[in-house]
Amino acid sequence: MSRNAVVYTLLALFVLSSSSSLQSAEGWITDYEAAKKQAAKEGKDILMDFTGSDWCGWCIKLKNEVFSKEAFKKEAPKHFVLLELDYPKRKQLAPALKAQNDKLRTEFAIQGYPTIMLTDATGKAYARTGYQAGGPESYIKHLAEKAKVRKERDKNFAAAEKAKDNVEKAKLLDLALSK
């Protein structure tokens with residue numbers, strides 16, 4: 001093999017391996033900042049999947065029963081940017097990816113896996129869930145119910161901003177934060 005062929009082969013392998021650190025399973029990304037940018041650009045929320053992909057039984061079950069199904073792959077990306085935050089035991093993550101995931105685990109106070117966090121495009125959380133039985137259609141309905149919370153929260157924040165009376169403003173802010 002010529003020297004140029006070796007260089008091009010190594011370059012191709014590097015490009016493929018570095019893109020896999022940004023792309024997870026089909027339709028899922030692993031870069032939080034990229035997810036926020038994409039969500040803002042597309043007017044979507046973010047579905048964050050905190051998972052132990054190679055050891056957590058419920059995570060594997062959620063992926064197999066919901067995330068890998070066509071109904072989910074077709075419908076969920078219409079409303080959410082899909083972000084996988086993995087905490088594997090048998091495979092190594094790139095150091096920057098591991099650091100990002102560890103930071104987000106702390107920031108979102110993740111206690112167990114799978115944890116699904118729904119956030120707006122800025123990363124403000126509005127719902128937390130996990131595995132739900134019933135398959136992809138049921139899970140999509142479950143997510144839609146959770147997304148209604150954000151709309152209610154945002155409506156109350158907007159009303160609080162317009163409120164002239166401090167007591168009314170405080171009540172609206174309390175209502176928004178309780179969501």
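## Pocket, cores and one helix residue

The residues that line the largest pocket divide into 8 nonpolar, 2 polar and 8 charged. This pocket belongs to a predicted model. Its volume is about 320 Å³. Of the 18 lining residues, Asp 45, His 79, Phe 80, Ala 147 and Lys 151 are the closest to the pocket centre. Helix 6, residues 135-162, gives the largest share of the lining, with 7 residues.

The protein as a whole contains 7 helices and 5 strands. Along the sequence these elements follow the pattern α-β-α-β-α-α-β-α-β-β-α-α. Contacts between residues at least 6 apart in sequence were also sorted by separation, and 64% of them join residues at least 24 apart. Some whole-protein values are listed below.

| Property of the protein | Value |
|---|---|
| Share of the 179 residues that is buried | 38% |
| Accessible surface | about 10,800 Å² |
| Share of the accessible surface belonging to carbon and sulfur atoms | 57% |

The largest nonpolar core has 19 residues. Within this core, the residues with the most contacts are Met 48, Phe 50, Leu 83, Leu 85, Leu 104, Phe 108 and Tyr 113. At least two core residues come from each of helix 2 (32-42), strand 2 (45-51) and strand 3 (80-86). A second core, separate from this one, has 17 residues, including Ala 76, Ile 116, Ala 127 and Leu 143.

Phe 50, one of the residues with the most contacts inside the largest core, can be followed further. With neighbours within four places in sequence left aside, Phe 50 is in contact with Leu 85, Tyr 87, Leu 104, Arg 105 and Phe 108, and also with Ile 110, Tyr 113, Pro 114, Thr 115 and Met 117. Among these partners, Leu 85, Leu 104, Phe 108 and Tyr 113 are also listed with the most contacts inside the core.

Lys 61 is found in helix 3, which covers residues 57-67. Lys 61 counts as partly exposed because its relative accessibility is 32%, and the partly exposed class lies between under 20% for buried and over 50% for exposed. Not counting residues up to four places away in sequence, Lys 61 touches Val 66 and Tyr 131. Lys 61 and Gln 132 are separated by 71 residues in sequence, while their C-alpha atoms are 9.8 Å apart in space.

Technical notes: Residues are numbered from 1 along each chain as its sequence is written. This is a predicted model: local features need pLDDT of at least 70, side-chain atom pairs count only at pLDDT 80 or more; totals for chains, interfaces and linings use all residues. Side-chain values use heavy atoms; hydrogens and water are left out. On a 1 Å grid over the protein atoms alone, a cavity is a set of points where a 1.4 Å probe fits but cannot get out, and a pocket is an open set with protein on both sides within 12 Å along at least five of seven lines; lining residues have an atom within 4 Å of a point. Grid points are joined across faces, edges and corners, and a volume is the space filled by probe spheres set on the points. Helices (H or I, at least four residues) and strands (E, at least two) are DSSP runs, numbered from the N terminus. Ala, Val, Leu, Ile, Met, Phe, Trp, Tyr, Cys and Pro count as nonpolar, Asp, Glu, Lys and Arg as charged, and the others, Gly among them, as polar. Buried means under 20% relative accessible area, exposed over 50%, partly exposed in between (1.4 Å probe, protein chains only). Contact means heavy atoms within 4.5 Å. Accessible areas come from the Shrake-Rupley method with a 1.4 Å probe; for residues, only the protein chains shown count as cover. A nonpolar core is a set of buried Ala, Val, Leu, Ile, Met, Phe, Trp, Tyr and Cys residues joined through side-chain atoms within 4.5 Å.
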